[in-house]
Structure formats: structure tokens, C-alpha cells
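Got the viewer open and a selection box ready? Let's walk through this one stop at a time.

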Amino acid sequence: MRTPASSTTRRTVLALGTAAAATPWLGTASASPGTDPGELDELGITELRRRMADGRLDAERLTRYYLERLDPLLHAVIEVNPDALREARRRDAERRARGPLHGMPVLLKDLVETADRMHTTAGSLALEGLRPAADATVAARLREAGAVILGKTNLSEWAGGMSLTHHAGWSARGGQTRNPYKLDRSPSESSSGTGVAVAANLCVAGIGTETNGSIIDPSSANCVVGVKPTVGLVGRGGVIPGVPSQDSVGPMARTVRDAAILLGTLVGVDDRDPATRASRGRFHRDYTRFLDADGLRGARIGVPRSVYFGYSHHADEIAERAIAVLGKAGATIVDPADIPTAERLEDLPGSMVVQVYEIKRALNAYLAAAPGDHPRSLAELIEFNRAHADRELRYVRQDGLEAVERLEFTEREYREALAANHRLSRAEGIDAVLREHDLDALVMPTTGPPAKIDLIRGDAHGGGASTPAALAGYPAISVPAGFAFGLPVGLTFMGTAWSEPVLLRLAYAYERASRVRRPPAYRPADVGF
């Protein structure tokens, strides 16, 4: 979710947290029988399934392994599924594998409804006890593919929409998520819990959501792969909404292959999400068939310098090295290849209009229909937070929610603003530069190295790549690209609508050529940069 601010994008986003030094918690509980501590870390879905097939591993042992690693220091997991081991035993008892994720423990962002004994709260105390009657579409598809739902991940409360100075990874229910690469650094944006959990090997993979940067930014900050799909490719039925014209649900994983496997299980028409009707004939059940280690050869990749470079010399240096890798692997680099509307996209008045109009209606509708004893409207939610200010508003103001409630725009103003956003980001933006230079994709640093957590003021954020694809509803993939003083920085591949096969091919080939990913070190505060 996004809320209006002086700038209409998340360039002004801040994150908060505790900057206390700490030492790593690496799963000191007894390991699962036959599994050494750390033995399964960094293993992907394909290798884990191979071990299951030859009898060296089963779903219960794998699930127990991750449960024993869940790290309270990181505040990445807001709730554990009390039935996770029971689900794993059911997978082991099934005579045939359900699908590509059979027995794989995954974590879901706490916006995704599950019809089990877990809550769905958006990190808010106001929704504690909310237990939906049905799984969200993505949760149901994961179960159908054989996944074990391990739990829910922490997030920026209300997906970052609570405050105009967004506090990344903090919620009243879950506390402050910490970056495992350096514990006093921001986990970045609202899918932070998923990014941290995947990075720290607390699950096989996870699910995030994005309105503007909330998948790709925490993927960059936590050295994992994040796929923000085309709006309409993955159904959002049963997911707490933000800005429906921009909201996406997507996979976060340690490798492009694992992200591709997850994406193939999530796609398809969703009867609860009209936007997915446009995906008919455009989605694929198996995105791994597009992965090619030589996939950069002959590709034409553009570098949009204006706006998306220059805000962080550390990010620029890492991106320059990544671009050299792309060229060496056979890509033709078109540099510069600027998005014509880049500067206008960063401060569109219409973006605020769209956000306010959509958030207010979507959130009011969700609260009114959700079961249980909780606020039934945005106005009641604001009053709940005031009544529980000692916990809900101790560090984070709710001026974002209040602004959405206070401001009002007509349908005509909304329609005109949405049309302008789409025109400037699509036909006159991303599509224009791709067409002008006959490009397969654009590439740029995802965002700068994660800033320090500041519990009182929020942590500074300066620059990033998410806005064009966010406003257009187009896909983007962030892949680990390098480190600045041990802090991760990602590289974003961005393309036109429904271009996930191309982006995955390019990202996979880059990943294979660069091999940047490494597990976190849990460094304490004030070490180095």
C-alpha cells in the first residue's frame, strides 16, 4: 500500500527499527534427525526435491529444520503455522507428489489470507484474531502444488501505508524486522519479513506483495531474487489490498530458478480478481523452460541513466560491474537508453489521486467484509490506533491513514489521473524506450545499500528503480548484484507487460555469470560502512 506524501512515490520512504548490536542466532536448537545444522542452507527446490526422491530427506524433516532455525532476533516471522508439521506429514504420506513444490516449506507475507489457525493482520493489532473462511488464491495454489505453509512474515504495518514516513519492516504486532547482513540496517520496504526470512534460510522461498518497490527493494537489501509480476498475472483474491491498479503478488527466493518455479504455481485466472482475465493466453505453468545460462547472448539491454543512476555511488559502481558482466555474456548494451518520462514519473500529482482514491475504497470494502470483531472501516481503524497508541503509535504516526481518510477525489479526477499515470509510464515511458532502441529489457540498480535503522526518525532512503513498472503495472525482477561494505545491492531487469519469460531468461543468465549471492553474516551494528 502507498499513501500520499510530498513526493508521490516511495522516494521519501523511511524505515525504523532498533539499532542495537547483536550476535547471530543460527538455530542452536537440536537439529532434525539425520540433518546437520546448516546442511540444507542455500539448497534450492530442485536439489531438495532430489533428496526427497532418493530418500535422504522428507517434508517433515525439512519443515522441522526450518522451524528450528526461526530466529527471534530478526523479527522476520510474525507467526508460525501450528499445523506446519502436520501438513508436512500429509505430504510425506501422499503416494504421488502434488506438484513442483511438494514438501517445500514456504512463508507468506501477513497480507495473504489462510484458512487455518493463523491470523491475517497486515501487522496490525486491530486485526488480531482475523481468521478467514478461505485461503487466498495464492495460498490455495501453493497448497495444490504441494507446499507446506510454514507461517506468516512480518511487514511494514498496513504494507507501509500507515505513515507518510514509512517505517520499513516495523509493525505493532511483529516488531522491527532486521537485516541479517548487518543488524542495524533496514530490511527495506513492506515485504521485508519475506526478504529477510528467505535470505537467512528460514524457509525454501516466500511470497511478497508490491505496490511500488515492496518486493524488489527488500530483495535488493537482503541479497535475494524478487519477481514483481505484471498486474493481472497473479490473482490477488484474499490478499489485503493497497492500490489495486498497482498491487502485485510475487515470489521471493534465493535463486532465479526457485522464483520461476514459484511463479508458475501462482499464475492463472482468479475468479476473485477481475484483473487476471487479461492474463488468459499469456501465463505459463512452467517458467523454468525459459531459463537459459546463455540467455544474454544476442539480447539488447538498455541502461536508463536519467533518474535511476546517480543517487548512490555505491549502487552505481555495482551496477557498472553488472553491466560489464552482461556485455561479456553476449548482450548488446544500449547506453544510455533513458525513459523519456522518467523525471515526470517521480513526482506525478495524479499518483497521489490514484492512491488515495483506491486505498480508501479498497480498504473500506475489505474491512467491512472481513469476519470477526475488528474495525469495519478506515475511520474506525484510525480510532482503534488512537485508543491503543501506546503500542500502535509508539514509533509510527498514522498520518498516512489519516490523509487517505481526509482527502477526497471525484471519480472523474481519479479516472483522468489513472489514465495519465498509465500513458506516461507505458506508451510514453517504458514502451517508448524499448521500441526506440529495439530492446528486450532495461537494467538499473534496484536501490542503494540499506540505510541504518532509526527508531525515532526513520531511516533515510534515496533512490530506486521501482516507480516506472509500479505505475505501469509492468514486471520487474531484482537479482543480487554486489555488496558495498557487506551490504547487498540488487540489479533490476524491467520490461513491458507480460514479459516475465524474457526477464527471467536474462536474470538467470546474469545470475549464472555473476554468482553474487552469499548467505548473511549477522554482523552487529557499527561495523564498517
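Where is the place of N222? Select N222 and you land in the loop between α6 (216-221) and β7 (225-228). Before going on, keep in mind that this is a predicted model.

**Stop 1: around N222**

Turn on a surface and look for N222: its relative accessible area is 0%, so it counts as buried. Now show what it touches, skipping residues up to four places away in sequence: N179, P180, Y181, P187, G195, V196, A199, P488 and R517. For a distance check, pick the C-alpha atoms of N222 and D247; these two are 25 residues apart along the chain, and the atoms are separated by 21 Å.

**Stop 2: S192**

Next, select S192, which has its place in helix α5 (residues 192-199). Is S192 buried or exposed? It is buried, with a relative accessible area of 0%. Leave aside the neighbours within four places in sequence and display its contacts: N154, L155, S156, A168, G169, T177, P187 and P218. You'll recognise P187 from the previous stop, where it was among the residues touching N222.

**Stop 3: the nonpolar core**

Time to colour the nonpolar side chains. The largest nonpolar core has 153 residues. Want some anchors inside it? Pick W158, F493 and Y510, the residues with the most contacts within this core. Helix α10 (residues 349-369) gives the most to this core, with eight residues.

**Stop 4: α10 against α14**

Stay on α10 and add helix α14 (residues 411-437). The two pack at an angle of about 125°, with their axes 8 Å apart, and are therefore oblique to each other. Their crossing is left-handed.

To see the contact itself, show side chains on both sides. From α10, select G350, S351, V353, V354, Y357 and E358; they meet E411, E413, Y414, A417, L418 and N421 in α14. Colour this contact by class and you get six nonpolar, three polar and three charged residues. While you look along the helices, remember that an α-helix has 3.6 residues a turn, so residues three or four places apart point the same way.

**Stop 5: α11 against α13**

Now hide α14 and bring up helix α11 (residues 378-387) with helix α13 (residues 399-406). At what angle do α11 and α13 pack? About 150°, with their axes 10 Å apart. That angle is over 145 degrees, which makes α11 roughly antiparallel to α13. The crossing of α11 and α13 is left-handed.

Side chains again: L378, A379, L381, I382, N385 and R386 in α11 meet L401, E402, V404 and E405 in α13. By class, the contact of α11 with α13 divides into six nonpolar, one polar and three charged residues.

Before leaving α13, highlight its buried residues, which are D399, G400, L401, A403 and V404. What covers them? The cover includes α10 and α11. L401 and V404 are buried and also take part in the contact with α11.

**Stop 6: S312**

Jump to S312, in the loop between β9 (300-302) and α8 (313-328). S312 is buried too, at a relative accessible area of 10%. Outside its neighbours within four places in sequence, S312 is in contact with G448 and P449.

**Stop 7: backbone oddities**

Switch to a backbone view for the last picks. Most residues other than glycine have a negative phi, and most peptide bonds are trans. The next three sites go the other way.

- Select D335 and P336: a cis peptide bond joins them, with omega about 5°. P336 is found in the loop between β10 (332-334) and α9 (342-345).
- Select A122: it has a positive phi of about 55° although it is not a glycine. A122 lies in the loop between β2 (105-109) and α4 (137-144), and at 0% relative accessibility it counts as buried.
- Select R515: its phi is near 50°, a positive value in a residue other than glycine. R515 lies in the segment after α16 (500-514).

Finish with the surface back on. Is R515 buried or exposed? R515 is exposed, with a relative accessible area of 60%, whereas A122 is buried.

Key
Residues are numbered from 1 along each chain as its sequence is written. This is a predicted model: local features need pLDDT of at least 70, side-chain atom pairs count only at pLDDT 80 or more; totals for chains, interfaces and linings use all residues. Side-chain values use heavy atoms; hydrogens and water are left out. Axes are lines fitted to C-alpha atoms, for helices over the stretch in contact, and angles run from 0 to 180 degrees between N-to-C directions. Helices (H or I, at least four residues) and strands (E, at least two) are DSSP runs, numbered from the N terminus. Angles under 35 degrees count as roughly parallel, over 145 as roughly antiparallel, 65 to 115 as roughly perpendicular and the rest as oblique. A crossing is left-handed if the near helix is turned anticlockwise from the far one by less than a right angle, and right-handed if clockwise. Contact means heavy atoms within 4.5 Å. Ala, Val, Leu, Ile, Met, Phe, Trp, Tyr, Cys and Pro count as nonpolar, Asp, Glu, Lys and Arg as charged, and the others, Gly among them, as polar. A nonpolar core is a set of buried Ala, Val, Leu, Ile, Met, Phe, Trp, Tyr and Cys residues joined through side-chain atoms within 4.5 Å. Buried means under 20% relative accessible area, exposed over 50%, partly exposed in between (1.4 Å probe, protein chains only).
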